[in-house]
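Reader: I am new to reading protein models, and I would like a close look at a single part. Could you take one residue and follow its surroundings outward for me?

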Amino acid sequence: GTRIGTPNSVDCWVYVDDFQATLYSCLREYEMQGGLVDWDTPLLSDLTTELQETNKKRELEKYTKNDPVGNPQLSHHSKCPTYYDNATADIVQLGAESFI
């Protein structure tokens with residue numbers, strides 16, 4: 001797809017596959033740079049509540065993207081069972097066009 005800007009010209013990216021969490025992070029970063037965000041609006045209030053509930057469910061380990069030991073994907077991705085049940089995991093792992 002078309003990408004506007006370059007990584008050096010953008011302070012924050014909102015990713016479709018993790019839209020709510022990355023939007024929230026970008027809005028927090030915007031605030032840290034002096035921007036004002038009205039967290040009391042219904043949309044942002046609901047977003048904050050939903051993210052808090054989601055984060056409790058994900059049980060993510062805390063790593064930074066520059067952690068040489070940890071897995072940086074775990075800082076913004078859940079473990080496979082969050083996305084795949086056993087049948088779906090078998091299709092991905094054991095199918096004719098297996099990915100793993």
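Does T48 count as buried or exposed, judged by its relative accessibility? And which residues is T48 in contact with, leaving aside its neighbours within four places in sequence?

Author: Happy to walk you through it! T48 counts as buried, at 17% relative accessibility. Here buried means under 20% relative accessible area, exposed means over 50%, and partly exposed covers what lies in between, using a 1.4 Å probe and protein chains only.

Before going on, please keep in mind that this is a predicted model, in which local features need pLDDT of at least 70 and side-chain atom pairs count only at pLDDT 80 or more, while totals for chains, interfaces and linings use all residues. Residues are numbered from 1 along each chain as its sequence is written, and side-chain values use heavy atoms, with hydrogens and water left out.

Now find T48 in helix α2. Helices are DSSP runs of H or I with at least four residues, strands are E runs of at least two, and both are numbered from the N terminus. The chain has 3 helices and 0 strands, so you can read its pattern along the sequence as α-α-α.

On to your second question. Setting aside neighbours within four places in sequence, T48 is in contact with Y24 and W39, where contact means heavy atoms within 4.5 Å. T48 also has a partner in its own helix's stretch of sequence: a polar atom of the T48 side chain lies 2.9 Å from the backbone oxygen of L44. That is a polar contact, a pair of N or O atoms within 3.5 Å; within protein, one atom must be able to donate a hydrogen and the other to accept it, and residues adjacent in sequence count only if both atoms are side-chain atoms. You can also look across to A21, which is 27 residues from T48 along the chain; their C-alpha atoms are separated by 9.0 Å.

Both L44 and A21 bring us to the next stop. The largest nonpolar core has 7 residues: A21, L27, V37, W39, L44, L47 and L51. A nonpolar core is a set of buried Ala, Val, Leu, Ile, Met, Phe, Trp, Tyr and Cys residues joined through side-chain atoms within 4.5 Å. Helices α1 (19–32) and α2 (42–58) each supply at least two residues of this core, and α2 gives the most, with 3 residues.

L27 is a good member of the core to click on. This residue of helix α1 counts as buried at 19% relative accessibility. Beyond its neighbours within four places in sequence, L27 is in contact with V37, W39 and L44. L27 and V37 are 10 residues apart in sequence, and 7.1 Å separates their C-alpha atoms.

W39 deserves a second look, as it touches T48 too. R28 lies over its face, at 4.3 Å from the ring centre; for a charge to sit over a ring, NZ of Lys or CZ of Arg must be within 6 Å of the ring centre and within 35 degrees of the ring normal. S45 in helix α2 is in contact with W39 and D40, again leaving aside neighbours within four places. Unlike T48, which is buried, S45 is partly exposed, with a relative accessible area of 31%.

Finally, follow helix α1 to T22, which is buried at a relative accessible area of 13%. The T22 side chain reaches the backbone nitrogen of Y15 at 3.0 Å. Apart from neighbours within four places, T22 is in contact with C12, W13, V14 and Y15. C12 is also half of the structure's 1 disulfide: it is joined to C26, with 1.7 Å from S to S. Two cysteine sulfur atoms within 2.5 Å count as a disulfide here. The link is left-handed, with -85° about the S-S bond. C12 lies in the segment before α1 and C26 in helix α1, so the pair ties together parts that are 14 residues apart in sequence. C12 is partly exposed at 25%, whereas C26 is buried at 12%.

To set your residue in context, 16% of the 100 residues of the chain count as buried, and T48 is one of the buried ones.
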